[in-house]
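Student: Could you take one part of this model and walk me through it slowly, with the contacts spelled out residue by residue?

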Amino acid sequence: QSSVASLTSEPNSIMLVPAGDHYTMMDFATAYFRELQSIQGLKGMSAEKKRAADLVQHTKVPIQESLLRYSDSELNELATKNFKTLMRFMGDQSKLKNQNEVECIYEILQLCKEKESLHDEVYCQVIKQVTHNPNQESMLRGWLLLSLLTGYFLPSNILMPYATKFLQLASSDPSSTHHDTAKICQSNLRKNFMYGGRRHLPFPVEIEALLKGRGARQLVILMPGGVEYLTRIKTFTVAKELLQEICEQMGAGEQEEIQEFVLFAIRSDNKTVRPLRSEEYLHDYLLEDKLVTVTLRRLIWRTPLHFENKIYTDVHYGQMLWDYLNGRILLSHSKEMEMQVGILAMLQHWAKTEQQNSAPSREELKEYTPKTLQSSISPQALQNHVAMLLRTRQPLQPVNAKIQFIEHVMKLPFFGYNTYFVERVSDDTIPVPCFFGVNKEEIIVVDGITQAISCVIPLKELQKMRTLQPISAAGLPGIELNYGSAASPKTMWLELSQAKEMYHTIVVILDKTELHH
C-alpha cells in the first residue's frame, strides 16, 4: 500500500494522499462499516462488494443504525437522528415544522462540536449522500456541508487517508459540477490539519450567504495613516493569508518582512484590542454585527525598511506618526528632545501636500507636538525653532519628508517597543505608575517621569504568563509573569487596563521570533 506525500506550502506539515486504487470509501466501508463487519465472508466476495458499493452511495431511505459500529447506544441514536437532519437539509426528506436549512446545518455542526467520536460517522454520512446522488440541488447542498465540515472538524487518523482520497478523486474530475467545491474541501482540510480548525461555529448570516452561493464577504482593513484596504475573505481565511495579500500590495513580499506585520481585531463597544496570530481564522474574531474593526500594524522591526512603494511609505509614516503623537513611543523632556520635536514638526508640515513654502501656524505646531510633551514645551520657543529650521533648510517633497520623519523616529531611544501604561506592580522597588515596553527581545519597565529603565526581562527568560481577573469591581485586570532560570525563578504581576492586549502581543511576538530562529 504505497502512499505519496502531498506537501502543502508548509515544509513541516504533510498530509498523506494515498496513491493507486487503495483507500477508496468502499475499502473503508468493507473494513469498518457495521453491516459489512457482520456479513464478512458469509456471502462471498462479489455480494460483499456490491453491498459495500450500496452502503457508500446516496440513499432515499433513512438509515436505521449508525454506519460505524458504536457500543454506546446513545451515539448510535444520535447518528441515525443526524442522518435524518442531513436528508432534510439536502432536500431528500421534508423538513420539520418551523425548521429551516440554517438550523439543519447548525444541528449537524453542533453535534460534531459536542461529540468528537461522531466526526467519522458524520463524514461517512455526508460522503455517502453526495456519491451517485441523482438530484443536482441535493448534491450541491451535501458538498456545501462537506466544505464546512472539512474546515471545522478533522476525521480520525483512520478515516483521514480515505477522506483525502475521496476529495482528491472528486476534485480531479473537471466534468463534474462539484470539482471546485471538492478543491475547497481539500484546502479547508489541509488548513484544519495545519492550524486546528475554526473555534466558533458560523453565524446564521454566514450560513445564509453560503446557501445563496456567496462564499466570500467584504472586509475593510484599516491601515495606519487612514489608508483603507478593501478585500474579500472566505469562510476559512487565516490571518497569514490576508497578511500575505496586503504586504504584497505594499511591495513587501518577502516572508521575513511579512512576519513582522500583525492584524488586530478591535471591538468598538468595549475597546478590547486583540492581535491575531498568523494561524488564526479571521471569522473567529468577526462578530455578526459590525462591532469589530480589523487593523494592520507593524509589530517587529528587524528587516530594513525600503521606500520604493508609496503605500508602504504611507503606512509606515501613518503608524509612526500616530505612535509618536499619542504616547505610544516614550519621550522624555530634554533640551535635545525639544530640538527633535522641532525637526519632526517641520517634516510633518512638509509631508502635507503644498506646504513646502509656508510656515506652520501655532495651532498646527500644537498638532505636530506629542500630547505627552505639549505642556512642557513652550509654544513660542518651538515656533522660533521651526522658523529658524525653515530658513536654513531646503524644503522636501511630501514623500521625502515622510521618509526622513520615519528615519528620525527610528532613532528615538524607545522606538520599536510596544508600550503599556501600568498602574500597579508587585515589585515595590518599581515606582508606579510606570510603563512596560515590549519588543522582539525583551520586556522593559520604564519610570513614568524620569524614563529610567528599572527592570529588563529578556523574552527568552520568560517561562510562563497568564492574565489575571480584576480583584474588585473597580479594579484592573492584570498579567502574571514567571521568568528567570530554573535555579532562580522570579514572579511579577502587574495591573493595567490593556492587560489582554499586552498578553496577546507578547504571545504573537514570541510566536514570530521563534519562527525567525
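Tutor: What follows is a close look at one pair of helices, then at one further helix and one loop residue, in a model that is predicted.

Two packed helices are described by the angle between their axes and the distance between the axes. For helix 4 (residues 73–90) and helix 6 (residues 119–130), the axes come within 10 Å and cross at roughly 35 degrees, and the crossing of helix 4 past helix 6 is right-handed. On the side of helix 4, the contact is formed by Ala 79, Asn 82, Phe 83, Leu 86, Met 87 and Met 90, while helix 6 contributes Glu 121, Val 122, Gln 125, Val 126, Lys 128, Gln 129 and Val 130. Sorted by character, the residues of this contact comprise 8 nonpolar, 3 polar and 2 charged.

Turning to helix 13 (residues 310–325), 13 of its 16 residues are buried, so this helix is largely enclosed by the rest of the structure. Its N-terminal end is capped by Asn 309, a side-chain oxygen of which lies 2.8 Å from the backbone nitrogen of Ile 311, and just after the helix Gly 327 adopts a positive phi of about 80 degrees.

Another asparagine, Asn 439, sits in the loop between strand 10 (434–438) and strand 11 (442–447), and it counts as buried because its relative accessibility is 9%, where the cut-off is under 20%. A polar atom of the Asn 439 side chain lies 2.8 Å from the backbone nitrogen of Glu 441, and the side chain also reaches the backbone nitrogen of Glu 442 at 2.9 Å. Leaving aside residues up to four places away in sequence, Asn 439 touches Gly 416, Tyr 417, Leu 459 and Ile 509.

Terms used. Residues numbered from 1 in each chain as written. Predicted model: local features only at pLDDT ≥ 70, side-chain atom pairs only at ≥ 80, totals over all residues. Heavy atoms only, no water. Axes fitted to C-alpha atoms, helices over the stretch in contact; angles between N-to-C directions. Helix = DSSP H or I, 4+ residues; strand = E, 2+ residues; numbered from the N terminus. Left-handed = near helix turned anticlockwise from the far one by under 90°. Contact = heavy atoms within 4.5 Å. Nonpolar A, V, L, I, M, F, W, Y, C, P; charged D, E, K, R; others polar. Buried < 20%, exposed > 50% of the residue type's maximum accessible area, 1.4 Å probe, protein only. Polar contact = N/O pair within 3.5 Å; in protein donor to acceptor, adjacent residues only side chain to side chain.
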